[in-house]
Amino acid sequence: MILEAEGVAELRSFCERARDLRGSSAPIKPAHRIKFHWPPHPVSYSYNVHVSDWTGQARFEAYGETFAVEVARTPFGVFGRCQTIWHEDRGDSIEDMLANLRKSSEVLFRRQLTINHTLERPGRFIGHISELPSLDLLKLTYCEDRDVAHEARTAIEAHASEPFWLPLFIAVLRDELHPFRRIAQWCVLDLFEALPTFVRDTEREAEAVAAIKALIWDAPDDYARTIYKAGVVLGGHIPDPFGAVALIECLDAPSRIGRRSAIHGLFHVVEWMPEMSETVVSALRLSAQSDPEPILRDFAAAMANDIEAGETDHVVEPVFPEEN
C-alpha cells in the first residue's frame with residue numbers, strides 16, 4: 001500500500017514529466033473513446049481450417065520483437081496464427097499472410113505501446129491492467145487512449161474501499177500540469193458519482209466538492225466533457241450538503257463554461273432536493289438577468305422555466321461557437 005503523501009508527490013512528478021515532455025501544460029483535446037476488443041474473431045473458423053492443417057512455421061517482426069506464426073495452407077489461401085498475441089490472418093501466400101497479420105496486429109501493438117508510454121516504460125505492455133499497482137492505475141487514467149483510461153478507472157473502482165484514494169483523486173482534479181488531464185479528471189468525476197465509497201466524513205466530502213468547484217470555476221475548456229460532468233456530479237450525485245451550494249456559487253464563476261455547467265447541474269439538484277426549488281429558481285433568474293453571455297442568460301431563463309413547470313427533462317445545453 002502506498003502512503004497518501006508519497007502517492008500525491010509521485011503523481012505530481014508524473015504530471016510534471018508529462019508537461020516537460022510535451023513542452024506545455026496546456027490541456028489537449030482528446031479523441032473520443034474507441035472500445036477495444038481482442039482477440040478478433042479467428043478468421044480460420046470461417047473457413048473450417050482443421051487442427052491438422054496447421055503444419056507450417058513462419059515469423060514476423062514488430063517493434064524489435066520476433067513473433068512465431070503457425071501456418072496452414074488450404075484451398076482458400078494461407079492462414080497464419082500467432083499464439084503470443086492470440087491473433088490470426090490469411091493471404092494468398094505466406095508473404096501476403098504475414099504482411100496482413102502484421103498490419104492487423106497494429107491495433108494491439110499501439111495500445112500496448114501507449115500503455116507503457118503512459119507508465120514511462122519501454123516496449124509494449126503485456127500484462128493485465130487490473131493487476132497493476134494502485135498508482136499505476138491512476139496514471140493510466142491520463143492515457144491518451146481513452147479506452148485504456150476507462151479500463152483503469154474500472155479497475156480502481158474495484159478497490160474503492162482503500163482509504164488512500166481520495167487525496168489522489170483530489171490531486172487529479174486540481175492538476176494543472178498534465179496535457180491529458182481532462183481524461184483523468186473525467187475518470188475521477190465518474191468515480192465520484194459514488195463519492196460515499198471514498199469518503200468517510202463530511203470534512204473530506206467538503207474537500208472533494210471544493211476540488212470539483214475549483215475545476216468548474218475557471219475552466220478554459222470542456223474537453224472530454226469534463227466540466228459538464230463536474231456539474232452533473234455536484235447536482236445529480238452529491239447535492240446535499242455541499243453540491244447545491246457549490247453550484248449556486250459557480251453561477252458567478254469567471255468561466256462561462258463553468259457557469260454553463262452550473263446552470264445545468266442545478267436542474268439535477270432540484271430533482272433530488274425539491275425543497276431547494278425556490279432557491280435554485282431565484283438564483284437562475286438572477287443569472288438570466290446578469291450573466292455577461294447572452295447565450296447563458298437564455299439558458300438560465302429556460303432552465304428556471306423548466307424547473308418551475310416541473311419538467312422531467314430540461315432545455316438542451318447551449319454550445320459556444322468555437323465548440324462546433
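## Sheet and covering helix in a predicted model

Strands E3 and E4 run antiparallel and are joined by five bridges. The model in which this pairing occurs is predicted. E3 also runs antiparallel to E2, and five bridges join these two strands as well.

These pairings belong to an open sheet of four strands, ordered E1-E2-E3-E4, with antiparallel pairing. E1 and E4 are the edge strands; each has a single partner, so one side of each is left without a neighbour in the sheet. From one strand to the next, the twist averages 30°.

Individual residues show how the strands are aligned across the sheet. Glycine 80 in E3 has valine 71 opposite, and glycine 80 also stands opposite aspartate 89 in E4. The partners are listed below.

| Residue | Residue opposite or bridge partner |
|---|---|
| Valine 71 | Glycine 80 in E3 |
| Glycine 80 | Aspartate 89 in E4 |
| Cysteine 82 | Histidine 87 in E4 |

Two hairpins connect these strands. The hairpin from E2 to E3 passes through two residues. The hairpin of E3 and E4 has four residues between the strands, and tryptophan 86 takes a positive phi near 55° there. As for burial, E3 is mostly covered, with five of its six residues buried.

Helix H2 lies across E1, E2, E3 and E4, and runs at about 140° to E4. Within this helix, which spans residues 94-104, the buried residues are Met97, Leu98 and Leu101. These three residues cover an arc of only 95° around the axis, which puts them on the same side of H2. The buried residues of H2 pack against strand E1 (54-62), strand E2 (65-74), strand E3 (77-82) and strand E4 (87-91).

What does the face of H2 turned away from its buried side carry? That face carries Glu95 and Lys103, which are exposed. Glutamate 95 counts as exposed because its relative accessibility is 59%, where the cut-off for exposed is over 50%. Glutamate 95, a residue of helix H2, lies 9.5 Å from alanine 58, C-alpha to C-alpha, although the two are 37 residues apart in sequence.

Taken together, H2 has a buried side that packs against strands E1, E2, E3 and E4 and a face turned away from that side with the exposed residues Glu95 and Lys103.

Terms used: Residues numbered from 1 in each chain as written. Predicted model: local features only at pLDDT ≥ 70, side-chain atom pairs only at ≥ 80, totals over all residues. Heavy atoms only, no water. Buried < 20%, exposed > 50% of the residue type's maximum accessible area, 1.4 Å probe, protein only. Arc of directions from axis to C-beta. Contact = heavy atoms within 4.5 Å. Pairing = 2+ DSSP bridges. Axes fitted to C-alpha atoms, helices over the stretch in contact; angles between N-to-C directions.
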